[in-house]
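Visitor: I should like to examine how a ligand is held by its protein. Please show me the model.

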Amino acid sequence: MSAPSFHHRYEPGTDSGRAPLLLLHGTGGDENDLLPLGRTLAPGAALLSPRGPVLENGMPRFFRRLAEGVFDEADVRRRADELAAFVGQARAAYGLGAPIAVGFSNGANIAAAVLMRHPEALAGAVLLRAMVPLADTLAARLPGTPVLILSGAQDPIVPAANAGRLAADLAGAGARVEHQTLPAGHGLTQMDVGLAKAWLDRL
Ligand code: MLT
């Protein structure tokens, strides 16, 4: 399959010891949104930040949804495949190793779908306010892939049971999952930043 090229920003790394980060924004964001977060989480890492190719009332997203929390799963599959192909293209173009995805909300959901369908595409993932993107049982094997899931106890979009199921599915496929639920809503907090940075530093 030839991949559509994603509109994206790329910042070369200055620390070759750091895995690159694949930054995936939330609904209504763009390729600029998470660059400051990426610089904070992993100083010196190369940053690859694509823009979601789907528009919902003018707001970029990474896949189509039918309603809030109800996904067009055929589109999730297609877009996850295209994003994995883009990662491969970008790795070849920029000379990068496999990236660690850092995704927020819709970006976390597409990162989870990429993990499920293309386990080799990512070296790990930080999933911020993620939910289960695909109802299919997970066929992929993720042997030891490190995954951090940070959920919000008062998140009105992601039910706790759904985030728990995502963590269990990924762990069941072999991923090394750490799942924490913070006293927060859907938005990110300083606690997310501190925990994600510490987790990345431990890899
Ligand atoms: C999604 O559509 O991926 C989730 O509902 C999160 C969001 O973007 O609001």
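Guide: A residue counts as near a molecule if one of its heavy atoms lies within 4 Å of it. In this predicted model, the residues around the ligand include R61, F63, R65, N106 and N109.

Visitor: What makes the contact between R61 and the ligand a polar contact?

Guide: The cut-off is a pair of N or O atoms within 3.5 Å. A polar side-chain atom of R61 lies 2.8 Å from an oxygen atom of the ligand, so this pair qualifies. A polar side-chain atom of N109 also lies 2.8 Å from a ligand oxygen, and for N106 the distance is 2.9 Å; these pairs therefore qualify as well. The protein covers 96% of the 260 Å² of accessible area that the ligand has on its own.

Visitor: How do you know which space the ligand takes?

Guide: A molecule sits in a pocket if more than half of its atoms lie within 2 Å of the grid points. The space assigned to the ligand is the largest pocket, with a volume of about 160 Å³.

Visitor: Which residues lie nearest the centre of that pocket?

Guide: They are T27, R65, S105, N106 and H186, from a lining of 16 residues. By class, this lining has 5 nonpolar, 7 polar and 4 charged residues.

Visitor: What is the make-up of the shell around the ligand by class?

Guide: The shell has 3 nonpolar, 5 polar and 2 charged residues.

Definitions and conventions. Residues numbered from 1 in each chain as written. Predicted model: local features only at pLDDT ≥ 70, side-chain atom pairs only at ≥ 80, totals over all residues. Heavy atoms only, no water. 1 Å grid on protein atoms, 1.4 Å probe; cavity = no way out; pocket = protein on both sides within 12 Å on 5 of 7 lines; lining within 4 Å. Points joined across faces, edges and corners; volume = space filled by probe spheres on them. Nonpolar A, V, L, I, M, F, W, Y, C, P; charged D, E, K, R; others polar. Polar contact = N/O pair within 3.5 Å; in protein donor to acceptor, adjacent residues only side chain to side chain. Areas by Shrake-Rupley, 256 points an atom, 1.4 Å probe, with all protein chains shown as cover.
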